[in-house]
Every structure is written in structure tokens, then in C-alpha cells.
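Hi everyone, and thanks for coming. Today I'd like to walk you through a structure that may be new to you, so please have a look at it on the screen.

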Amino acid sequence: MKDTQISLERSQRIAESGTDAEVRKELERLVNVDRRAVARKETIGYMLFESNNDFNINGHKSLFVDSILNIKYELQSTFNFIAGIWDIVDDFLLGAFIERTRTRWGKFIPHLFLTGLPAAALSTLYWLLPIMFSQEHINQEAYLPKFFAWMILEMVTEAFSTIKSISVSGYLSTITPYPSDRRRLIARSKYFAMIYSRLPDMVIEFMLDFITNDIIFKDRDSWTMIRNSLMIVGPMTAIVSAIFITWYSTIAKERVQQSVEKPNIKN
């Protein structure tokens with residue numbers, strides 16, 4: 001107890017009259033300790049949360065758009081141009097909005113919650129687009145209602161992805177005041193995600209290979225079975241991700257106080 005009191009008095013003395021270098025060195029000494037602020041339950045929750053951010057089959061979107069939705073390449077090029085502008089705009093607007101957020105749960109946790117069930121609903125609609133239009137319209141490469149529906153879902157999904165990436169990056173700076181604790185948490189979640197988040201891609205790749213090589217569903221149309229596989233696995237991964245992300249948002253904590261000053265837009 002006496003040693004603690006002496007240490008606190010020393011820190012207070014440096015804070016009041018020390019040079020910038022002395023204050024910085026003292027702050028590093030205080031925070032660079034091997035302590036754990038994040039309990040086991042929250043650690044496991046973050047590992048599942050981090051892994052489920054990439055628990056999807058988005059790597060097969062090009063196959064879905066080209067071969068299942070049959071969207072004309074010229075229209076896709078037009079969308080890519082619009083999406084490039086939208087990516088800049090939504091980064092700026094959503095970043096400023098998240099920075100200005102002040103709630104009893106913290107700055108980032110409410111936005112993490114939004115990337116759960118709402119994002120899963122949008123992802124489910126995306127993968128179910130083939131059954132929202134008749135086969136005649138699906139076969140028409142330049143059918144505009146289909147193109148606009150796909151384009152809107154892509155843009156809204158991109159906005160949710162931006163919210164997720166900004167919120168996760170900011171949240172990591174608030175989850176614990178101890179660098180060693182943060183490093184431990186990030187390392188464990190990254191290693192776990194390397195295996196877990198790859199499972200949907202592995203499943204769909206095996207299914208597509210087996211279907212195209214007539215190993216399974218030999219008596220059925222390959223195109224139909226590939227479409228059904230994407231329409232089943234896509235929404236399933238979105239729902240599983242939403243469950244874990246929403247659950248973690250209810251137990252997550254921001255332990256490092258954020259600045260309450262109004263952010264400078266220019267900076």
C-alpha cells in the first residue's frame with residue numbers, strides 16, 4: 001500500500017511539473033503492464049465477433065452476378081464507376097457520424113450492433129434476388145429493375161461494411177487500456193479467424209466442384225443447383241454472423257474514455 005502511494009505521488013509530481021518527455025515516459029510506464037481488463041467471456045466473444053465479420057461467401061459474388069443474375073457487363077462497369085464515388089462519400093459521411101456518436105454504451109458499440117441483424121437481412125435479400133424476378137427477367141442481361149435492385153443492395157451493403165470497419169478499428173482502441181492485453185486479444189482472434197472464417201468458402205467451393213463434376217445431383221440441372229447452393233449458403237452465413245455479432249454487442253465494453261471535444265472536419 002505504501003509503495004502504491006509513493007508511486008501515485010511520483011506520477012502526480014511528474015504530471016504537474018515534469019517535461020513533456022518525462023510525462024510521456026511516465027505514461028508508458030503506467031500503461032505498459034501485463035494486466036487483463038478483458039475477461040475470458042468477452043475474449044471468446046470478441047474472437048467469434050472478429051471471425052464472423054468475414055464469415056461469408058462474398059468471394060463468389062462475381063460468379064453470382066455474372067452467371068446467376070446475368071447482369072450485363074456494361075451495366076456492371078457503370079455501377080463500378082458509381083460505386084467508386086459512393087465509397088468516397090459514404091466513408092466521409094459515416095466516419096463523421098460515428099465520430100460524433102455519444103451514447104451510454106459508448107461511441108462504437110451501437111454501430112457494432114447495427115452490423116448484426118440489419119446487415120444480415122440485407123445480405124439475405126441480396127442472395128435471394130434470383131427468386132424475386134421471373135426466369136425470363138433473370139435471363140435478360142439488360143433488365144433494369146433487376147440491375148437497380150442489385151445496385152441498391154450493393155451500395156447499402158457497402159455502407160454497412162464501412163460502418164463495421166470504422167467501428168471495429170475505433171473499438172479496438174477503447175476495449176482495454178493495456179497494450180499487452182490488446183495484443184493478446186488481437187493475436188488470438190486473428191489466428192482463430194484464419195480457420196473459422198474460411199469455412200463458408202471451403203463449403204461452397206466443394207459444393208460447386210462436386211456439382212460441376214457430376215459427383216452430386218447428377219440428374220439435376222447444374223446451373224439450378226449452383227444457384228440454389230449460393231442462395232442457401234449465402235443467407236445461412238449472414239444469419240450465423242448476425243447471431244454472434246449481436247450477442248457480442250450486448251457484452252462488449254469500452255474501457256478507455258474517448259474525447260468529448262467536437263471533431264475538426266478539416267483534420
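**The pocket and the helices around it**

Let's begin with the largest pocket, which has a volume of about 500 Å³. Please keep in mind that this is a predicted model. Which residues sit closest to the centre of that pocket? They are Asn58, Ser123, Thr157, Ser161 and Lys164, out of 32 residues that line it.

Now, where does the lining come from? Four elements each give two or more residues to it: helix 5, residues 73–99; helix 7, residues 117–127; helix 9, residues 144–172; and helix 12, residues 222–251. Helix 9 provides the largest share, with seven residues. As for the character of the lining, 15 of its residues are nonpolar, 12 are polar and five are charged.

Let's see how some of these helices pack, taking helix 7 and helix 9 to start. Their axes come within 10 Å of each other and cross at roughly 155 degrees. An angle over 145 degrees counts as roughly antiparallel, so that is how helix 7 runs relative to helix 9. The crossing of these two is left-handed. On the helix 7 side you'll find Pro118, Ala119, Leu122, Leu125 and Tyr126, and they meet Trp150, Leu153, Glu154, Val156, Thr157 and Phe160 of helix 9. Sorted by class, this contact has nine nonpolar residues, one polar and one charged. You may recognise Thr157 from a moment ago, as it was among the residues closest to the pocket centre.

Helix 7 has another partner, helix 12. Here the axes come within 8 Å and cross at roughly 180 degrees, which means that helix 7 is roughly antiparallel to helix 12 as well. From helix 7, Leu117, Ala120, Ser123, Thr124 and Trp127 take part, and the residues they meet in helix 12 include Leu230, Gly234, Ala238 and Thr246. How many charged residues does this contact have? There are none; it has nine nonpolar and four polar residues. Ser123 is worth finding on your screen: it meets helix 12, and it is also one of the residues closest to the pocket centre.

Finally, let's turn to helix 5 and helix 9. They pack at an angle of about 35 degrees with their axes 9 Å apart, and the crossing is right-handed. Among the contact residues are Phe79, Trp86 and Asp90 of helix 5, and Phe147, Trp150 and Glu154 of helix 9. This contact has 14 nonpolar, four polar and five charged residues. Trp150 and Glu154 also appear in the contact of helix 9 with helix 7.

Technical notes
Residues numbered from 1 in each chain as written. Predicted model: local features only at pLDDT ≥ 70, side-chain atom pairs only at ≥ 80, totals over all residues. Heavy atoms only, no water. 1 Å grid on protein atoms, 1.4 Å probe; cavity = no way out; pocket = protein on both sides within 12 Å on 5 of 7 lines; lining within 4 Å. Points joined across faces, edges and corners; volume = space filled by probe spheres on them. Nonpolar A, V, L, I, M, F, W, Y, C, P; charged D, E, K, R; others polar. Axes fitted to C-alpha atoms, helices over the stretch in contact; angles between N-to-C directions. Parallel < 35°, antiparallel > 145°, perpendicular 65-115°, else oblique. Left-handed = near helix turned anticlockwise from the far one by under 90°. Contact = heavy atoms within 4.5 Å.
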